[in-house]
Structure formats: structure tokens, C-alpha cells
Amino acid sequence: MRIVAKRHTKPDPVFWMRLRSNLPHDQHVARVAREMDARMRGELPPQWGPAFDTIMPLKPTVRAVGGDWLSWNLARVDAMRAFEHEHKDILHWAVGDSEVCARARRCASALDDMLNGHPLPMSLQDKLDTALDYCERLGVDKPNSKTPEGLIARAITEQWWRRALRRKVARTVEHAAIKLGVVHHRNGGYASDEACRRRADQNKRNADLLARVKMRNEAGQVYSLAELAALSPSNRDIRRGELMTRIRGCEEFADANEHHGLFLTLTCPSRFHAVLSGGKSRWAKPSRNNKYEGDSPRDAQQWLCRMWAKARAKMARKGIAAYGFRVAEPHHDGCPHWHALLWFCTPEQAQTAREIISGYWLSDAGDEPGALRNRCDFKPMERGGAAGYVAKYVSKNIGAEDGGDAGVGEHTDTLDGVEQIMDTREFKGWQRVDAWASTWGIRQFQAIGQPSVTVWREMRRVTKDQIDHAQMRLDLGDAAAVKAWWACHKQGAIQASWEGYVRAQGGMCRKRREWALRTAVRVTKDATNCYGESIDRKAVVGVETRVGHWLVSRRQAWRSCANEAAQDKAEREALGRPWTRFNNCTVRLNDEPQRLLMRGDQPWPKAHDTDEIEPPAPRKPAPAAPIEQVNHIAGERTTFRMPQCVRIAPAAPPANDLDALLTRMKAFAPVMRELAAAGR
């Protein structure tokens with residue numbers, strides 16, 4: 001039996017540095033150990049210092065002789081080499097953003113030279129294989145493209161490499177921190193300080209870019225992208241308010257229909273947890289989990305998604321429909337877990353769903369200690385208290401736009417029944433959660449079984465005059481649009497109602513083609529993107545009803561104006577006023593433009609159609625108007641046309657009118673000659 005020794009990726013530094021040193025062997029080994037230790041501590045994040053000390057061998061006592069010091073230094077070198085090998089050359093990727101941009105430029109240039117600088121022409125397949133092999137050797141995900149030409153074009157672009165390397169650096173460094181046991185509640189929890197700084201720098205770069213870019217609309221008003229973004233759901237206050245409105249609407253819908261609710265907490269097996277909390281004490285010291293197998297939080301999130309997909313499919317086979325929300329939240333060591341707020345039609349369906357979910361969650365390592373108690377937790381919800389179950393998770397995971405705590409106080413987390421404060425060091429708890437979700441690409445909030453929120457947002461931008469016009473078409477399928485519009489807007493003291501919007505859409509747990517309203521999408525065929533690919537460019541322009549009528553949301557044409565000066569509120573309001581008393585809003589269209597925009601003569605797509613709304617077919621030309629013709633009826637001159645089926649005999653001439661009688665005889669003369677020739 002041949003035993004293959006595990007080799008490191010780099011040669012032994014004691015050997016290759018010995019060739020350039022004249023020191024004795026023990027002094028040379030001590031020098032190599034000191035230089036490696038200083039280099040690694042200087043390049044690794046400062047938060048890794050205590051964790052890095054744990055992998056080092058214990059230092060000999062003062063009374064030890066030289067042999068022990070030599071063994072200790074050799075053990076230090078071996079430990080640091082093993083650390084580099086285990087964490088996939090972590091020192092190579094623990095770099096700042098400026099170095100990432102420089103590497104992206106070099107990678108794009110090097111791959112471009114390999115593909116286009118070859119003396120002999122390369123086939124398309126050879127170029128594709130070279131690009132994929134280059135990405136695989138660097139450990140980045142391949143470009144996402146539908147065509148080989150688009151994949152190659154992305155692989156030689158600096159912007160694509162910048163995004164790919166930023167994602168690679170962030171996940172590699174953070175995964176190494178989790179493996180070292182750096183991420184736990186005593187160090188802030190959820191994410192390391194380096195990940196939080198990286199996310200803060202990214203937010204600062206984005207904010208500076210949005211503040212620099214100026215846009216001008218049709219009225220001449222100039223805004224920065226930062227001002228426009230503050231009016232969208234990217235604003236944390238708006239996002240939190242919208243989520244709470246939707247949660248309250250689901251609760252009102254469930255209470256009105258007497259549905260049964262469950263609050264679920266779903267966790268991963270212990271092999272996904274790198275650090276244990278340490279015990280039921282506020283001062284408990286975290287400890288490494290011996291069952292941890294080196295999986296990242298993204299691997300744990302994919303495990304949760306797979307289990308939920310299986311449970312959802314089985315519930316669908318049994319005819320069980322559920323609606324509500326799912327919230328993804330990190331444990332103190334970065335491993336994700338889910339909180340779900342689900343409603344079912346009957347208590348029997350809720351009990352069956354509980355058994356299905358528990359069965360799938362315990363199908364993987366369900367016999368380990370604590371699995372039955374901690375893997376799944378179900379709580380029946382009381383009537384009228386659903387919003388309180390999720391409001392805490394929504395508020396403490398989103399935060400506030402001004403950097404505050406959104407009125408929830410200190411960010412705390414319950415570990416083994418003990419409340420631990422997560423607002424430590426220089427970052428708040430919601431900032432650590434945001435860095436965690438951004439680093440691992442985890443979606444925090446997801447609606448289940450509800451109509452599209454995009455239709456809700458577009459309906460809030462539809463103007464009142466279109467609804468007034470739709471009220472005249474209630475019999476033609478616009479009743480749902482009118483109900484949804486009134487539900488989406490605040491009317492005096494009456495708040496916007498997600499429950500009313502759901503009723504207008506037809507209820508919960510429907511298929512996409514069964515909703516009463518959907519987004520109106522304008523498709524531009526054969527458009528070209530920045531990578532030279534021919535694509536169908538889609539743009540949401542409003543809401544479409546079931547019969548094909550379009551309600552266009554308020555939209556203006558915007559142009560970039562880099563050299564424009566900023567405008568204050570008074571200047572914008574002056575430019576926004578109409579020049580005359582007539583409103584020149586482009587929404588009020590007539591005749592052919594209105595028909596093309598509203599598509600009133602087009603039927604609703606069939607069930608097998610896609611979500612794309614194709615441009616309307618050209619309308620058949622209307623028949624030409626008849627030429628006005630003057631007729632003589634009963635001796636009267638008129639333009640009236642008698643139907644073809646009605647024949648009126650001409651009036652008989654009077655007996656004393658000899659001229660009229662002669663004229664009539666001359667008219668019948670040809671007929672008489674034909675009869676005579678026929679021998680009749």
C-alpha cells in the first residue's frame with residue numbers, strides 16, 4: 001500500500017531560504033518563523049490576531065534548551081504553511097479595493113492577449129475553452145451569458161472582472177474568518193469587521209457616484225441620482241414601511257377569511273455552524289464546533305432552499321396552499337436560519353404542512369443531539385398579532401436611512417435563552433446583517449403566495465384621469481384596476497390597503513396567469529447591449545388589465561447632464577409649472593396613439609403564453625367612405641341611397657305629357673328590337 005503525503009502548494013521556506021543564509025540552522029529557522037509571522041500578521045485583518053494565535057504551538061518555557069526552541073520554530077512554520085494551504089492562499093486575496101481594480105485590469109488585458117493576440121486565428125470553441133479555463137484557475141464563477149460571443153466579450157471586460165474579483169475576495173476572506181472562529185457574538189457576530197468595512201466602503205462609493213451624477217427631465221428639472229434613489233424602495237425607511245404594510249395586509253386578509261397562521265423557525269444541521277455560543281450565560285466564551293465541515297453561509301442557504309423546495313412541492317401535491325413571508329437571518333456565527341410567517345385555509349392543512357416541513361428538515365442528520373428540539377420550531381399565531389411576530393425582525397435587519405436603529409433600541413439576539421447585545425465595536429447590528437447578506441448574496445425578505453409587488457408600485461404611479469376613464473369601461477374588465485388603484489392610494493385618513501389590493505387581484509395563492517392585473521412590458525426587439533449581444537430590451541411602463549387595457553404610470557424622459565448646476569426646490573417647482581392652462585401630459589392620448597398604447601383591441605394572452613407583451617399587430621385599414629351621389633327618387637333630387645333589396649318602380653308619366661311619353665318609348669326601343677329579333 002502506497003502512502004501519499006499531503007503536499008503544500010508552496011515549497012518549504014526553511015529549505016529555499018537556507019540557500020541564501022549563512023546563519024546556523026537553529027537561528028535560520030527562528031528567522032524564517034519570525035519573518036513569516038510578521039508577514040502574515042501584517043497582511044491579515046487585525047481582528048484575526050487572537051484566532052491566529054490559537055493555531056500556533058505553545059511557546060516553550062524559559063528553562064527550555066535550544067532543541068525545544070528549534071522544534072517550536074519548526075512547528076510554527078508548519079502551522080503557518082498549513083494555514084495558507086487550508087485557506088486557499090488567503091494572503092493572496094486579502095487585499096483592498098484598489099488592488100482588486102488593478103488585478104481586474106490585468107486579468108482582462110491578459111485574457112484579451114491570449115484570445116486576440118495569438119499569431120494564428122483561434123476558433124470560437126478554442127476561445128470559449130480558454131476563457132472558461134482562465135476563470136476556473138482563478139476560482140471565479142464563469143460569465144453568465146446565453147451565447148459564446150457574449151461570454152467571451154464579458155471575460156475580456158475590466159468591469160466584469162472587477163465585479164467578479166470583488167465577490168471572490170469578499171467571500172474568500174470572510175469564509176476564512178468563519179473557519180478561524182473569528183465571527184461570533186463576542187466579536188460582534190454575523191460578519192467580521194473586515195466584511196463590515198468592505199460593505200461600508202462599497203456603500204460610500206455608491207453614494208458618491210449617485211451624488212455626482214445629475215439627470216435632467218422633460219421639464220428641465222435637474223436632480224442627482226441620490227435624490228431620486230431616496231424616493232424609491234432603496235430608501236430603508238420606505239422599504240421598511242412597505243414591508244410592514246404588506247404584512248398588515250396579509251394579516252387582515254387572513255383574519256377576514258378565518259385562516260390559520262403559523263410562525264416557523266427553521267435552522268440548519270450542526271455541521272454548518274462553525275462556532276458554538278458557549279453556554280447559557282451572558283459571559284460565556286464561544287468555542288469551536290468539532291462537527292463543522294467547512295461549509296460557507298451560502299452553502300447553508302442553498303441547503304435551506306432545497307429543503308423548502310421539497311416541502312413546497314409535497315404540499316402542492318396534497319393541495320395545501322400557503323401565503324405569507326419568509327425572513328432570512330444570520331446566527332451569531334454567520335450561519336443562516338429562516339423565520340416564516342405562513343397562513344393556511346384550515347387548521348388541518350396547517351398541521352399537515354407542519355408534519356411535511358418537519359419531515360424534510362429532519363431527513364438530514366435528524367438523529368444528532370438537539371435536532372428534534374432546535375431544528376424546527378412552530379408557534380400558532382393568535383388573531384390580530386401576526387405583525388408583531390415579524391416586525392422585530394424587519395426593523396432590526398433593515399435599520400434606518402439616517403443610520404439609526406429604526407426605533408427598536410439595541411440590536412439583541414437570543415443565544416441559548418440569553419439576550420446578547422450585537423451592537424458592538426464600530427458597527428451596529430443591522431449594519432452587520434447588511435454586510436452578511438451582501439457578502440453571501442442572500443435574499444433577506446421574500447413574499448410567498450402573494451400578488452406582484454411591482455404591480456402595486458406601478459399602480460401607485462398611475463394618474464387619476466386614467467382611472468376616471470377606466471370607470472367607463474367597468475363592463476370591459478377594468479373593475480379590478482379601479483379597485484386596486486383605490487386600495488393602493490391613501491384617501492384622507494384611510495391608509496393604503498394591501499388587503500384591498502389582494503382582493504382586487506383575485507385573492508392569494510394563484511398562478512401568475514390568474515392575477516387580474518400584471519405589469520405592462522414594452523419590448524424592444526433586436527436591441528444591442530454593451531457586450532454586443534442582440535437582446536429583447538424590456539421596460540415596465542405601467543399595468544395591464546386582463547382584457548389588455550394599459551394604465552401607463554407616470555414616466556418622464558431623463559438625460560444625463562454632467563455639467564449642470566444643482567437646483568433648489570423653488571427652481572424645480574417653477575420649471576414644473578405648465579406654460580398654459582392646458583395640461584400637456586403625454587398620458588392623455590387620442591385616436592391611433594391611444595389605441596397602440598392601451599391595446600384595447602388585443603385579447604388577453606393565453607395560459608401557455610410567456611410574460612412578454614408583444615407589440616400589437618397592425619390594424620386593418622378602414623374601408624373608404626362612399627362618394628356622395630345624387631339620386632332622383634319620385635321626381636325629387638336627393639343624396640339618400642335606397643337599399644339594394646328595395647326597388648321602387650318609376651312613376652308613370654301624366655297622360656297629357658307627350659314629350660315624356662316619347663322619351664319613354666325611345667328608351668324602350670332597343671328592347672323591342674331585341675324581342676322582334678328573337679321572334680317573340
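**Reading strand 7 and a surface patch**

Mentor: Let us start with one pair in this predicted model: Tyr323 stands opposite Trp343, a residue of strand 7.

Trainee: Which strand is joined to strand 7 by eight bridges, and in what direction do the two run?

Mentor: That is strand 6, residues 323-330, and the two strands run antiparallel. Strand 6 and strand 7 form a hairpin with five residues between them, and Gly334, in the turn, has a positive phi of about 95 degrees.

Trainee: How many bridges join strand 3 to strand 7?

Mentor: Seven bridges join strand 7 to strand 3, which spans residues 260-266, and this pairing is antiparallel. As one example from it, Phe263 has Leu341 of strand 7 as its bridge partner.

Trainee: How should I read the two faces of strand 7, and are they covered or open?

Mentor: In a regular strand, side chains alternate between the two faces of the sheet. In this case both faces are covered: on one side Pro336, Trp338, Ala340, Leu342 and Phe344 are buried, and on the other side His337, His339, Leu341 and Trp343 are buried too. Counted along the strand, residues 336-344, nine of nine residues are buried.

Trainee: Turning to the surface, which residues make the nonpolar patch of about 370 Å²?

Mentor: Phe668, Val671, Met672 and Leu675 make that patch, and Met672 has its place in helix 24, which covers residues 658-677.

Trainee: Why does Met672 count as exposed?

Mentor: Exposed means a relative accessible area over 50%, and Met672 counts as exposed because its relative accessibility is 54%.

Methods:
Residues are numbered from 1 along each chain as its sequence is written. This is a predicted model: local features need pLDDT of at least 70, side-chain atom pairs count only at pLDDT 80 or more; totals for chains, interfaces and linings use all residues. Side-chain values use heavy atoms; hydrogens and water are left out. Patches are made of residues with over 30% relative accessible area and no salt bridge: like charges are joined within 9 Å, nonpolar side chains (Val, Leu, Ile, Met, Phe, Trp, Tyr) within 5 Å. Accessible areas come from the Shrake-Rupley method with a 1.4 Å probe; for residues, only the protein chains shown count as cover. A salt bridge is a side-chain nitrogen of Lys or Arg within 4 Å of a carboxyl oxygen of Asp or Glu. Helices (H or I, at least four residues) and strands (E, at least two) are DSSP runs, numbered from the N terminus. Buried means under 20% relative accessible area, exposed over 50%, partly exposed in between (1.4 Å probe, protein chains only). Two strands pair if DSSP finds at least two bridges between them.
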